[in-house]
Amino acid sequence: MAFHVEGLVAIVVFYLAILAVGIWAAWKTKNTGSEGDRSEAIIVGGRDIGLLVGGFTMTATWVGGGYINGTAEAVYVPDYGLAWAQAPIGYSLSLILGGLFFAKPMRSKGYVTMLDPFQQLYGKRMGGLLFIPALMGEMFWAAAIFSALGATISVIIDINVNISVIISALIATMYTLVGGLYSVAYTDVVQLFCIFLGLWISVPFAMSHPAVTDIGLTAVHQVYQAPWLGSINSLDIYTWLDNFFLLTLGGIPWQAYFQRVLSSSSATYAQVLSFLAAFGCLVMAIPAVLIGAIGASTAWNQTDYGIPDPKSKKEADMILPIVLQYLCPVYISFFGLGAVSAAVMSSADSSILSASSMFARNIYQLSFRQNASDREIVWVMRITVLLFGASATAMALLASSVYGLWYLSSDLVYIIIFPQLLCVLFIKGTNTYGAIAGYLFGLVLRITGGEPYLYLQPLIFYPGWYQDDNNLYIQRFPFKTLAMLTSFFTNVIVSYLAKYLFESGTLPPKLDFLDAVVARYSREHMDKATLVKSDNIVLNELAPVNPRHSLTLSSTFTNKEAFNYVDSSPELSNTEDN
């Protein structure tokens, strides 16, 4: 394949345009808001992201390289097809559920990151534990899409994969470094427009290629391969449901999502943004589905690609750039390439910013340096943006199973963080003991279920397992959802059991070493004033103090300072007098 100078020039121009928008947004950030709130402006954009920009950036966060390439691949691969392309419906439902149930309580309480409510209720140690799967999900996701971008660019313009990955990562890291959420949001607007325009321009040219059969015919009839509509075998229905729930429910507890929710100007706006993004995800999936269908309807021996076809060469995951390269005119394929690189950058920058935001605030500031200045937090964020960006790039270049690591980490987000989020927002009475038990149970059940992408063999064989041609054990049983439910109910049961044992006097107060029941409002738990801004919410809505009337709870174990944040009432006055 010849080196395409025109393609390289097109990519350079596009990247420079994105960088210019990112720097402009950073300048805009510097000239808005008070200097004392600089770190919050970087994390949540000063909480003034409007509907238009907010809708674009939330949509672009989901519509990434993995979303577009993965959807096209699922439709193209024989015996899978559109029936197994779950991401568009799954992520759209995830955004709808997030808007209906999660956006309002998170935004109305003025949190800054997704981990704030966990640290407020369960303490800084539990917040640190939950940071691990959250960080893994963001980092491996960024690495996976950087890797996909390098392969995509190399297919079309035939340049070194490593160079394309490094340059793309540098651009995304640079504007994220200088502008934070403002840069990410405004570049997302440009990137989403390029994705939409680039892919839709490519579809008619690819569809009209002489080697392509009518996709309406190949949808239901076998021509070159099985119909691209696909089907779900009765044996695979539980696997399909397990993956569908993972996408739908596991797509909620991501910092990249809540960063957009918390940046909106009101709780209502946060909900509307979620619904707009759900619609945007569906619309943006249409050209990817059509490109996958075109790939399944092409006689590849009649194209310059030749034989065997992409699936036989094990290049099914690259079907989108292959269609752009071999079924479209040269200038159209370059434009489509810009769309794909835009998709990657729009997700990668979000993941890098999300990871650095959680570390700077929830680990560095709230756990170690609670008196850190705003300037110090800003510099910590900048350093971690560089470190996380470099780490994601290194993993994309060096790791042979980045996608396998991302699959496993996204499972951990679903199995560990989602049930914890349910408990912390909607189940009253859960505590740190239940949270730790749920965390461990979910983790053990997921790891022992195995992971074929990492060649991790299972220790627990659920009903319906089988061994594939590569001697890997495949679980048909929905064990991921089982692990998530086990984590949730373990959290609730252990929390209430611990509460009963301490409050009934069965266990002495000195055994409450986590200060989760007896000394619920001890200094181990962070001051609520460090988690929210007083002008965003009435503080007594955050954690109203319900005085316990148990005779076993003496005033010795009551931290009276915690009551200072709650409006005075006759009950509280009587409690303090006692």
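This report describes selected helices, aromatic contacts, core residues and backbone features of a predicted model.

## Helix H12

Helix H12 covers residues 267–296, which makes 30 residues. From its first C-alpha to its last it reaches 44 Å, close to the 44 Å expected at 1.5 Å a residue. The helix has a kink of about 30° at Ile-286. The proline Pro-287 follows shortly after that point.

Is H12 mostly enclosed or mostly open to the outside? Of its 30 residues, 21 are buried, so H12 is largely enclosed by the rest of the structure.

## The nonpolar core

The largest nonpolar core has 127 residues. Phe-118 and Phe-258 are the residues with the most contacts inside this core. H12 supplies 14 residues, the largest share of the core. The core also draws on two domains: at least three residues come from each of domain 1 (5–418) and domain 2 (427–523).

Phe-258 appears again in an aromatic cluster, which it forms with Trp-62 and Tyr-257.

## Aromatic pairs

The structure holds 22 aromatic pairs. One of them is formed by Phe-359 and Phe-388, with 6.4 Å between the ring centres and 90° between the planes, an edge-to-face arrangement. Which parts of the chain does this pair tie together? Phe-359 lies in helix H14 (residues 330–368) and Phe-388 in helix H15 (residues 374–398), so the pair links parts that are 29 residues apart in sequence. Phe-359 is partly exposed, because its relative accessibility is 25%. Phe-388 has a relative accessible area of 12%, and therefore counts as buried.

Tyr-462 and Phe-479 also form an aromatic pair, and this one is stacked: the centres are 5.6 Å apart and the planes are 15° apart. Tyr-462 sits in the loop between helix H17 (432–447) and strand S1 (466–467), while Phe-479 is in helix H18 (residues 479–503), so the pair ties together parts that are 17 residues apart in sequence. Both rings belong to buried residues: Tyr-462 has a relative accessible area of 9%, and Phe-479 has a relative accessibility of 5%.

## Charged groups over rings

Two cases of a charged residue over an aromatic ring can be described. Lys-313 lies over the face of Tyr-305, at 4.3 Å from the ring centre. Arg-382 lies over the face of Trp-379, at 5.0 Å from the ring centre.

## Helix H18

H18 has 25 residues. Its reach from first C-alpha to last is 35 Å, close to the 36 Å expected at 1.5 Å a residue. Just after the helix, Gly-505 takes a positive phi of about 90°.

Val-492 lies in H18. Is Val-492 buried or exposed? Its relative accessibility is 18%, and the cut-off for buried is under 20%, so Val-492 counts as buried. Val-492 and Asn-431 are 61 residues apart along the chain, and their C-alpha atoms are separated by 8.5 Å.

## Ser-164 and Ser-341

Ser-164 is in helix H8 (residues 161–207). With a relative accessible area of 4%, Ser-164 is buried. How far apart in space are the C-alpha atoms of Ser-164 and Ser-341? The distance is 10.0 Å, although 177 residues separate the two in sequence.

## Backbone features in loops

The peptide bond from Ile-307 to Pro-308 is cis, with omega near 0°. Pro-308 is in the loop between H12 and helix H13 (319–327).

Tyr-455 has a phi near 55°, a positive value in a residue other than glycine. This tyrosine is found in the loop between H17 and S1. Tyr-455 counts as exposed, because its relative accessibility is 62%. Asn-471 likewise has a positive phi in a residue other than glycine, here near 65°. Asn-471 lies in the loop between S1 and strand S2 (473–474).

Note on methods. Residues numbered from 1 in each chain as written. Predicted model: local features only at pLDDT ≥ 70, side-chain atom pairs only at ≥ 80, totals over all residues. Heavy atoms only, no water. Helix = DSSP H or I, 4+ residues; strand = E, 2+ residues; numbered from the N terminus. Expected span 1.5 Å × (residues − 1). Bend = angle between axes of the 7 residues up to and from the residue. Buried < 20%, exposed > 50% of the residue type's maximum accessible area, 1.4 Å probe, protein only. Phe/Tyr/Trp six-rings, centres within 6.5 Å; stacked < 30°, edge-to-face > 60°. Lys NZ or Arg CZ within 6 Å of the ring centre and 35° of its normal. Core = buried A, V, L, I, M, F, W, Y, C linked by side-chain atoms within 4.5 Å. Domains from an automatic or database assignment.
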